[in-house]
Amino acid sequence: MNKEVDINELLKELSLSEKIGQLQQLASQFYIKDSEGELTGPLKDLGISEEKIWVSGSVLGVKDAEEARRIQDKYLDRSSTKIPLLFMADIIHGYRTIFPIPLAIGCTWNLNNAELCGQVSAKEAALSGVHVTFSPMVDLVRDPRWGRVMESTGEDTYLNSVFGKAFVKGYQGDLSSNYNIASCVKHFAAYGAVEAGREYNTVDLSDRQLKEYYLPSYESSIDEGAKMVMTSFNTIHGVPASGSKYLMRDILRDNFQFDGVVISDWGAVGELQVHGVAADDEEVAETAISAGVDVEMMTSCYINNLENLVKEGRVQEELIDEAVLRILQLKKDLGLFSDPYRGMDGNKAKQMFMCNEHKEAVRKVARESIVLLKNDNVLPLSKDKKVAVIGPKGDSTDLLGGWSWQGRKEKITTLKENLINEIGNNLISYAEGCDINGHDESGFEEAVNVAKEADVVILALGESSEMSGEGGSRAYIGLPGVQERLAEEILRLNKPTVVLLFSGRPLEITNLSKKAPAIIEAWFPGTEGGSAITEVLYGDFNPSGRLTMSFPYATGQIPVYYNCYNTGRPKTANTAETRYVSQFIDIPNEPLYPFGYGLSYTQFQYKDFTLSSNKMTKDDKITASVTVKNIGDRKGTETVQFYIRDLVGSTVRPVKELKGFKRIELEPQEELKVEFVITEEMLRYYNIDCELVSELGDFHAMVGCNSADTYTEKFTLL
Ligand code: BGC
């Protein structure tokens, strides 16, 4: 078959069962089992016959190029259709050379970093036989109890939308190069809103919330050309997403004009029965194909039932044809008909893995993702001081975070090792103190003694990789185990101490933040995390990360996010003493650290915030400008954030919404005028009739260094 294959003609040549086969995705284990013909293990559990394996259309999770080639070979040999298999995998923040987790990439506020992550990951993955990555995950996240917040770029619709685009651009380019892979945006839709942050739980949102906050990030990734969309596990409006016509037909196909492939999440088609919207596998298949799922991942309702359903007239064959055509189109777009082994090159892959260029890329992103949360004159450290590294993360190789299945922990240089490389063995001492999640405090004494001997202490604390990511919901999001107790013992020494946090989510660290003189959030920083952190600790890199998810003051405050509504009884300076306002009686309303927050080793001053006019019509634009000056004595990067509030709407409007941001680098004493252009489009929202329009009236334009610290000017849309 050549590149010019006519997929419509090809479709005509396929039997119904061959067509249905294209809709099935199986894990690679199905193709590399040792004993042929015998139905055991996953094969048996899935209830799929041997012959169906050889008509299935795509494969999930190949190990490497050799395996992919072997599977493709065997498949082309045995399959009746000779249509090449598509290989898909979860390449979320790197393939072998691992970037910081996506939440951390978000905290760089640098879209080039997402694109870079996409490019580097795509190259290593394509050489290893992958054609499609199940990324970006653009779910809006407001609940840090949910383990999967680590996969998202955070709590803001606009930021997630622009980051989603950047990831897609990085992975896909124009797909013409064998170093690009197709991208699958997920989880459609609103998986980030699971109740209580509990994995796989229910989502119930108003249509307005769904459209205004949750859907734009999927849409913008689709606009960027993402080839695939993955459904989510949750319900929306009482219907599981993988069986929702509203989501897949009305929104995805009709509104977003998406013409690519829709794949279910793992097992989510079969789960329609468990949710209780289908009585048996037949009904499951009928519901999912009618709703618009093209590819069924890892359950077998389509392949075992669709043929009968078509014969009985319960499912129109046209539905199957449409789905198959979309899959064939993707195979064609990837060039698989002319080269079923597209990109696969194990030797070249090995040269790319952890090569200097890729390591430099992940180190750059790691540096920029680190957020300085507090610094009472402790940081940066000077290189002649004796340092005690204390805590279970100090000499740990668990720096990659979830979804780094191809990463190699054993190749990681730990924080302690990096510090030794930086200032020498004789200046570094180390004690683990306790483990991540245990209750044993017997190591505290040694840790305290080690700390006593040092000039400064680095307390390296946090979560293990398994505590976030899929299946990593936590009800208590403080430091696990006895780590906070260890911190208390060490902080009691009153040494200059830096708490260095490694986590896949914002943690509840309110007590710690009162006692610790310096705190750094390092997230799961990836392959080069240890060296990036070392650069920050010693001031070789001036930290510039800004939070994209609020750190709650207490877990009971969740969800706490910056773009909330005002309520009818907001707590203000004037009402602070009143009982009957919207507040907690035991904690503040504000998060501990707000969206957009992060410190630097220098300071930035904002002045002269002005609007070019205080009025605009729908065809006008207003330029908002502010001068930002570096008033410290180090070069630094500031992220200037621009927010808008619609003061009166036909429905209530958030107290502020991010509409733009600019990262600027300033030398000491240098100042720069930063501008944002306000257009009518920026002012649109889903009005009382759920139409996306702007409404005349007054607005606030706000600029500042984070969502809680802004300057305001008023303007009117006439
Ligand atoms: C996850 C998806 C992932 C898929 C395939 C599911 O359990 O929810 O995010 O892409 O597995 O590995």
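**Exercise 1. The second largest cavity**

Task: In this predicted model, find which residues line the second largest cavity, and work out which strands supply at least two residues of that lining.

Solution.
Step 1. Start with the names: the second largest cavity is lined by I644, D646, R653, E657, K659, M682, L683, R684, Y685 and F699.
Step 2. Now turn to the strands. β20 covers 636–646 and β21 covers 657–666, and each gives at least two residues to this lining.
Step 3. Sort the residues by class: five are nonpolar, five are charged, and no polar residue takes part.
Step 4. Add the volume, which is about 50 Å³.

**Exercise 2. The largest cavity**

Task: Say how many cavities of 30 Å³ or more the whole structure has, and describe what lines the largest cavity.

Solution.
Step 1. A search of the whole structure gives two cavities of 30 Å³ or more.
Step 2. The largest cavity holds about 60 Å³ of space.
Step 3. Its lining is made of I92, P102, S135, P136, M137, V138, E151, T153 and F167.
Step 4. By class, the lining of the largest cavity has six nonpolar residues, two polar ones and one charged one.
Step 5. Follow one lining residue outwards. V138 is part of this lining, and its backbone oxygen is 3.0 Å from a polar side-chain atom of S217. S217 sits in helix α10, residues 216–223.
Step 6. Is S217 buried or exposed? S217 has a relative accessibility of 1%, so it counts as buried.

**Exercise 3. Around the ligand**

Task: List the residues around the ligand, then find which polar side-chain atoms lie 2.4 Å, 2.8 Å and 2.7 Å from its oxygen atoms.

Solution.
Step 1. The shell consists of D90, F134, R148, K186, H187, M230, F233, D265, W266, M297, W403 and E470.
Step 2. Grouped by class, the shell holds six nonpolar, five charged and one polar residue.
Step 3. Look at D90: one of its polar side-chain atoms is 2.4 Å from a ligand oxygen.
Step 4. Move on to K186, where a side-chain N or O atom is 2.8 Å from an oxygen atom of the ligand.
Step 5. For H187, the distance from a polar side-chain atom to a ligand oxygen is 2.7 Å. On its own the ligand has 310 Å² of accessible area, and the protein covers 93% of that.
Step 6. Return to D90 and look along the chain. W405 is 315 residues away from D90 in sequence, while their C-alpha atoms are 8.6 Å apart. W405 belongs to the loop between β12 (387–390) and α18 (415–423). With 38% relative accessibility, W405 is partly exposed.

**Exercise 4. Two buried helix residues**

Task: Decide whether Q209 and V324 are buried or exposed, and place each in its helix.

Solution.
Step 1. Recall the cut-off: buried means under 20% relative accessible area.
Step 2. Q209 has 16%, so Q209 is buried. Its place is helix α9, which runs over residues 207–214.
Step 3. Check for a partner: the side chains of Q209 and R142 form a polar contact at 3.3 Å.
Step 4. V324 has 0% relative accessibility and therefore counts as buried. V324 lies in helix α15, residues 317–333.
Step 5. Compare V324 with P102, a residue from the lining of the largest cavity. V324 and P102 are 222 residues apart in sequence, and their C-alpha atoms are 32 Å apart in space.

**Exercise 5. Backbone details in the loops**

Task: Find where the cis peptide bonds to P380 and P559 lie, and place the positive phi values of Y200 and M354.

Solution.
Step 1. The bond from L379 to P380 is cis, with omega near -5°. P380 lies in the loop that joins β11 (371–375) and β12.
Step 2. The bond from I558 to P559 is also cis, and its omega is near 5°. The loop holding P559 runs between α22 (529–537) and β17 (604–611).
Step 3. Y200, which is not glycine, has a positive phi near 65°. Y200 is in the loop between β5 (182–188) and α9, and at 42% relative accessible area it is partly exposed.
Step 4. M354, likewise not glycine, has a positive phi near 55°. M354 is located in the loop between α16 (346–352) and α17 (356–369).

Definitions and conventions:
Residues numbered from 1 in each chain as written. Predicted model: local features only at pLDDT ≥ 70, side-chain atom pairs only at ≥ 80, totals over all residues. Heavy atoms only, no water. Near = heavy atom within 4 Å. Polar contact = N/O pair within 3.5 Å; in protein donor to acceptor, adjacent residues only side chain to side chain. Areas by Shrake-Rupley, 256 points an atom, 1.4 Å probe, with all protein chains shown as cover. Nonpolar A, V, L, I, M, F, W, Y, C, P; charged D, E, K, R; others polar. 1 Å grid on protein atoms, 1.4 Å probe; cavity = no way out; pocket = protein on both sides within 12 Å on 5 of 7 lines; lining within 4 Å. Points joined across faces, edges and corners; volume = space filled by probe spheres on them. Helix = DSSP H or I, 4+ residues; strand = E, 2+ residues; numbered from the N terminus. Buried < 20%, exposed > 50% of the residue type's maximum accessible area, 1.4 Å probe, protein only.
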